[in-house]
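Grab a coffee and work through these exercises with the model open beside you. Try each task before you read its solution.

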Amino acid sequence: MKSIVILISGRGSNMESLLDAVDSGALPVSVAAVISSRADAQGLTTAAKRGIPTQVVDHRQFPRREDFDAALAEVIDALSPDLVVLAGFMRILSDGFVTRFTGRLINIHPSLLPSFPGLHTHRRALDEGVKVHGCTVHFVTTALDHGPIIVQAAVPVLDDDDETRLAARVLAQEHAIYTQAVRWLADGRLQLVDGRVRLDAPQDGEGLLTAPRIRTGR
Ligand code: GRF
């Protein structure tokens with residue numbers, strides 16, 4: 001069975017949905033640890049309550065990004081995971097870190113990349129008046145929020161949406177596609193080959209884009 005570490009910085013709902021999938025048997029991985037860049041991350045408490053080992057690598061203790069990344073890499077390497085899962089991890093990682101874990105480092109981003117990289121994606125989507133929004137799981141590369149796309153989910157943007165409502169609709173899809181992507185990796189069916197995503201033997205109905213029916217997303 002493959003082992004993963006999950007990196008968080010806050011609430012940890014994506015982490016929690018992965019842990020739920022592990023507990024239910026839907027996701028055949030062992031979670032070696034949850035690591036947070038902040039000591040006050042709510043997700044740390046959630047993970048600890050569920051008996052998952054937790055560690056903090058506090059970014060504020062490291063004046064230079066490279067030093068923080070080196071400390072983080074050391075903690076991860078000691079656990080020798082097959083996969084490093086960024087789940088609401090709010091630090092930009094240096095090129096050295098990303099290169100070291102290329103092909104086994106994935107992220108979830110709350111927009112349909114390449115639209116809206118960076119922060120405040122839901123507000124920006126509403127400001128732009130887009131009709132379709134969503135989320136993306138991608139391999140992490142040195143280009144911020146721009147790695148090879150593994151899977152996306154689209155949701156409608158409704159006329160009376162506000163940021164909170166839209167974020168909740170997207171988050172429900174984040175939980176679904178992140179579990180799906182990690183399962184593909186756990187099963188050894190998903191790889192990064194020459195910078196492109198390869199999913200072996202897709203089964204009926206198994207897609208790299210999921211789109212719930214329009215107007216049912218509330
Ligand atoms: C999610 O929307 C994730 O896509 C983004 O930050 C949010 C984190 O939420 N990177 P949570 O900590 O997983 O609840």
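The protein chain has six helices and ten strands; these are DSSP runs numbered from the N terminus, with helices being H or I of at least four residues and strands E of at least two. The model is predicted, so local features need pLDDT of at least 70 and side-chain atom pairs count only at pLDDT 80 or more, while totals for chains, interfaces and linings use all residues. Residues are numbered from 1 along each chain as its sequence is written, and side-chain values use heavy atoms, with hydrogens and water left out.

**Exercise 1. Work out how the radius of gyration of the protein chain fits a compact globule.**

Step 1: Take the rule, 2.2 Å times the number of residues to the power 0.38, with the radius taken over C-alpha atoms.
Step 2: For 218 residues this puts a compact globule near 17 Å, and the chain has 17 Å, so the two agree.
Step 3: Look at the box too: along the principal axes, the C-alpha atoms fill roughly 45 × 40 × 35 Å.

**Exercise 2. Trace the open sheet and find its edges.**

Step 1: Eight strands line up in the order 3-2-1-4-5-6-7-10, with mixed pairing; two strands pair if DSSP finds at least two bridges between them.
Step 2: Strand 3 (54-56) and strand 10 (209-210) each have a single partner strand, so one side of each has no neighbour in the sheet.
Step 3: Now zoom in on strand 4 (residues 83-86) and strand 5 (residues 105-109), which run parallel and are joined by three bridges. Val85 has Ile106 of strand 5 as its bridge partner.

**Exercise 3. Thr46: buried or exposed?**

Step 1: Find Thr46 in helix 2 (residues 42-49).
Step 2: Apply the cut-offs: buried is under 20% relative accessible area, exposed is over 50%, and partly exposed is in between (1.4 Å probe, protein chains only).
Step 3: At 17%, Thr46 is buried.
Step 4: Leaving out residues up to four places away in sequence, Thr46 touches Met15 and Glu16, where contact means heavy atoms within 4.5 Å.

**Exercise 4. Do the same for Leu119: buried or exposed?**

Step 1: Leu119 sits in the loop between strand 5 and helix 5 (121-128).
Step 2: Its relative accessible area is 53%, so Leu119 is exposed.
Step 3: Leu119 still touches Met90 and Arg124, again not counting residues up to four places away in sequence.
Step 4: For a distance check, the C-alpha atoms of Leu119 and Asp161 are 19 Å apart, with their positions 42 residues apart along the chain.
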